[in-house]
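Here are some exercises to work through with the structure open beside you. Try each task yourself before you read its solution.

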Amino acid sequence: MPRSLDYPDMDKILSLSKRRGFIFQSSEIYGGLGSTWDYGPLGVELKRHVKEAWWKSVVVDRDDMVGLDSAILMHPRVWEASGHVENFSDPLVECRSCHRRFRSDQLSEDKCPECEGTLTEARNFNLMFRTYMGPVEETGQEVFLRPETAQGIFVNFPNVVNATRKKLPFGIGQIGKAFRNEITPGNFTFRTREFEQMEVEFFVKPGTDEEWLHSWVQSRFEWYVSFGIRRQNLRLRRHDPDELAHYAKDTYDIEYRFPWGWGELEGIADRTDFDLQRHDQFSGESLSYFDDESKERYFPYVIEPSGGVDRATLAFWLDSYDEESEQSTEEKQQGNIRVVSHLHRKLAPITVAVLPLSRNERLNPTSRSVYDLIRRNFNAQFDDAQSIGRRYRRQDEIGTPYCVTVDFDTLEDNQVTVRDRDTMNQVRLPISKLTEVLHDKLEHGW
Ligand code: ATP
């Protein structure tokens, strides 16, 4: 649907996110903790819906995928085998005057962007968080918080093959927390030190990897579009050869046009057989695959679509925000603006709001019974405070696709009004048909 805004003002989004309970600064009463964020009552629902949409699309709806939920703490040898101990670092420089630290590859000049002071030589700073397992803090007990969920999938490859009897090509999907001690976190939830990833490792026969890479790039790109991100705000960017990670043969990033510029939502990499080979070597266990058809044993190649839950949630939230001038002449003259979030109906934190016309005792029992009916079926909210116009605005602002209004006629004819957030059209429906119609709208979006 046509929009008034290309992209929103970040200050408005920050304030709306806090005011309505989407995202709060973590440990705010203690002054916050560097770039960590908490999802409030609405944010947690939005983020949960993003994860559900991803899980359904890449795991449930596909015959060639299964799921996994591996531990955050893994054997330290995992990170030696994966190359993270050696390679997972960014070049760090420090300002000699103000002692602020920066990633030298993100600076356009050779001086401090804050105070123009001179900078130290760059040194490699490993981004993995370290901690200790058990009661004794010794180097032997040192473990890492995983910087990606992928390795939990690779080390379970033989377990999954044995347990499921899956044949190539097939993949394993996982959603979970990852931690990186980023040198310069920022831009709200875009770059944080604790975040969630949604990753697929898709195992294929070597030689078919390029075809599969393109098929995953295509389907992952279309997923963002199908859940409401405007095509003009998305682009694909292929990595230059000198930019490829140590394990990758080819990589495409899906980027979103954030208010501060283009930024990565998801990377889709051809990881070759690097990880399986390395874990095979380092663990002494076999991670190769026996192909029944060709009677050969080999290491599968791996296509990895790796996305960030927080970045996707932020992009869906930003892209849905709009400010519309009101429809009626009177309201236009008053310069009224309707703030509306056009979140996809399946992502919106609240799917249906039940709004009695007024807080009248006669309406209350019917309104409550409509609400009970709705909340058994949908994420629902009941709101009877203030004027109905204000309550519609409140729901528009948080992206609720459907509002059900109970009025005095309802008491006579058992019908309610259903209002559509985007068109603001209203239709009257019998209460007996309500859940069926709403389910149908939710599924087919008419
Ligand atoms: P960037 O170049 O932005 O640091 P990356 O290429 O290091 O990202 P990957 O290692 O490919 O990221 O991780 C896969 C996905 O995990 C990214 O596309 C992103 O959505 C998410 N992600 C990575 N780092 C962060 C972070 N610090 N905060 C939030 N999400 C992140």
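This is a predicted model, in which local features need pLDDT of at least 70 and side-chain atom pairs count only at pLDDT 80 or more, while totals for chains, interfaces and linings use all residues. Residues are numbered from 1 along each chain as its sequence is written.

**Exercise 1.** Find how far apart the C-alpha centres of domain 1 and domain 2 lie.

*Solution.* Start with the bounds, which come from an automatic or database domain assignment: domain 1 is 10-77 + 144-317, and domain 2 is 350-444. Then take the two C-alpha centres, which lie 37 Å apart.

**Exercise 2.** Decide whether Ala-380 is buried or exposed.

*Solution.* First, locate Ala-380 in strand β20, residues 380-382 (strands are DSSP runs of E, at least two residues, numbered from the N terminus). Next, recall the cut-offs: 20 or more other C-beta atoms within 10 Å means buried, 12 or fewer exposed, and in between partly exposed, with C-beta atoms placed from the backbone. Ala-380 is buried because 20 other C-beta atoms lie within 10 Å.

**Exercise 3.** Work out which residue classes make up the shell around the ligand.

*Solution.* Begin with the 15 residues that surround the ligand (C-beta atom, placed from the backbone, within 6 Å of it). The closest are Phe-195, Gly-267, Ser-306, Gly-308 and Arg-311. Now sort the shell: two residues are nonpolar, six polar and seven charged (nonpolar: Ala, Val, Leu, Ile, Met, Phe, Trp, Tyr, Cys and Pro; charged: Asp, Glu, Lys and Arg; polar: the others, Gly among them). Finally, β13 gives the most to this shell, with four residues.
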